[in-house]
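Reader: Please take me slowly through the charged side-chain pairs of this model, with attention to how covered each partner is and what surrounds it. I would like one connected account rather than a list.

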Amino acid sequence: MPIDADKTNEQWARFQFCVSGEAKVVTSVGYVALKNITAEHLVFDGVEFVACDGVVSKGEKPCVRIDGIEMTPDHKVLSEGEWVEAQTFPHLGRDYALRFNVGSRPVFDILNCGPRARFAVVGDTGLVIAHNCRDRGHLDFVQKADKCDKYVIGEQWLQTDLNTL
């Protein structure tokens with residue numbers, strides 16, 4: 001798939017959000033650390049168990065912690081039916097502990113989690129629904145970044161212009 005220079009940054013931004021590899025994802029076989037999710041797992045999306053295409057490593061990134069889950073500040077989480085950034089996540093009646101600057105962590109994201117493009121992660125007070133990488137048609141972008149050898153492993157995810165890879 002050729003890279004459309006006019007849309008590269010928009011498409012690339014879809015793959016910037018990440019969650020700590022230690023986060024516990026709800027699957028049909030129980031809780032599984034995000035870093036260990038494979039295409040063999042059925043992942044709970046808050047409604048049903050759905051197929052996914054496994055995980056992609058995003059290197060190490062600065063994280064915040066909400067409800068015990070570490071993720072990048074810009075990662076999208078579901079709040080009252082709307083997607084909001086983790087750094088602005090409201091408590092919705094639950095006692096979410098929001099901590100800024102918990103340090104850099106190895107982070108990952110799940111590719112293509114069913115039609116709702118989301119997955120459930122176990123927090124301290126309940127489930128948090130996180131957005132995921134989506135659009136099977138853009139898997140070429142992820143694969144190109146994974147094969148990039150111009151950067152230390154993981155640093156390619158910090159690039160904002162895929163054409164530099």
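Author: A residue is called buried when its relative accessible area is under 20%, exposed when that area is over 50%, and partly exposed in between. With those limits in hand, Arg105 is a useful place to begin, because its relative accessible area of 23% puts it in the partly exposed class. The model is a predicted one, and everything that follows should be read in that light.

The setting comes before the pairs. The chain is built from two helices and 14 strands, and of its 165 residues, 45% are buried. Its accessible surface comes to about 8200 Å², with carbon and sulfur atoms accounting for 50% of that area. When one considers the contacts between residues at least 6 apart in sequence, 60% of them join residues at least 24 apart.

Within this framework the count of salt bridges comes to six. Behind the rule stands a simple idea, namely that side chains of opposite charge can pair when their charged atoms come close.

Arg105 meets the side chain of Glu70 in one of these salt bridges, at 2.7 Å from N to O. Because Arg105 sits in strand β12 and Glu70 in strand β8, the pair ties together parts of the chain that are 35 residues apart in sequence. The two partners fall into separate classes of cover: Arg105 is partly exposed at 23%, while Glu70, with a relative accessibility of 13%, counts as buried because that value is under the 20% limit.

Another salt bridge joins Lys35 to Glu22, and here the closest N and O atoms are 2.6 Å apart. This pair, too, links distant parts of the chain, since Lys35 belongs to the loop between β3 and β4 and Glu22 to the loop between β1 (19-20) and β2 (24-27), with 13 residues separating them. Both partners are partly exposed, Lys35 at 37% relative accessibility and Glu22 at 49%; the value for Glu22 therefore lies below the limit of over 50% that would make it exposed.

The surroundings of Lys35 can be followed further. Leaving aside residues up to four places away in sequence, Lys35 touches Gly21, Glu22, Val55 and Phe108, so that its salt-bridge partner is also listed among its contacts. The C-alpha atom of Lys35 is 7.9 Å from that of Ser20, a residue 15 places away along the chain.

Ser20 and Phe108 both lead back to strand β12. Ser20 stands opposite Val107 in β12, and β1 and β12 pair in the antiparallel sense over two bridges. On the other account, Phe108 in β12 has Ser57 opposite it, and strand β6 (residues 55-62) is joined to β12 by six bridges, the two strands running antiparallel. Strand β12, which holds Arg105 of the pair described above, thus also holds Phe108, one of the residues that Lys35 touches.

A further pair is made by Lys76 and Glu85, whose closest N and O atoms are 3.9 Å apart, a distance that still qualifies because the rule asks for a nitrogen within 4 Å of a carboxyl oxygen. Lys76 is partly exposed at 23% relative accessible area, and Glu85 is likewise partly exposed, at 27%.

Finally, Asp45, Glu48 and Arg116 are linked in a network of salt bridges. Glu48 is also one of the residues touched by Val43, whose other contacts include Val25, Ile37, Phe49, Ile110 and Phe119. Val43 itself, together with Leu34, Ile37, Ile110 and Phe119, touches the most other members of the largest nonpolar core, a set of 23 residues. The elements that give two or more residues to this core are β7 (64-66), β8 (69-71), β12 (104-110), β13 (118-122) and β14 (127-131), a list that includes β8 and β12, the strands of the pair between Glu70 and Arg105.

Phe49, another contact of Val43, also belongs to the one aromatic pair in the count. Its partner is Phe44, and the rings lie 5.2 Å apart from centre to centre with 50° between their planes, a tilted arrangement. Phe44 counts as buried at 17% relative accessibility, whereas Phe49, at 40%, counts as partly exposed.

Technical notes:
Residues are numbered from 1 along each chain as its sequence is written. This is a predicted model: local features need pLDDT of at least 70, side-chain atom pairs count only at pLDDT 80 or more; totals for chains, interfaces and linings use all residues. Side-chain values use heavy atoms; hydrogens and water are left out. Helices (H or I, at least four residues) and strands (E, at least two) are DSSP runs, numbered from the N terminus. Buried means under 20% relative accessible area, exposed over 50%, partly exposed in between (1.4 Å probe, protein chains only). Contact means heavy atoms within 4.5 Å. Accessible areas come from the Shrake-Rupley method with a 1.4 Å probe; for residues, only the protein chains shown count as cover. A nonpolar core is a set of buried Ala, Val, Leu, Ile, Met, Phe, Trp, Tyr and Cys residues joined through side-chain atoms within 4.5 Å. Rings of Phe, Tyr and Trp (its six-membered ring) pair if their centres lie within 6.5 Å; planes under 30 degrees apart count as stacked, over 60 as edge-to-face and the rest as tilted. Two strands pair if DSSP finds at least two bridges between them.
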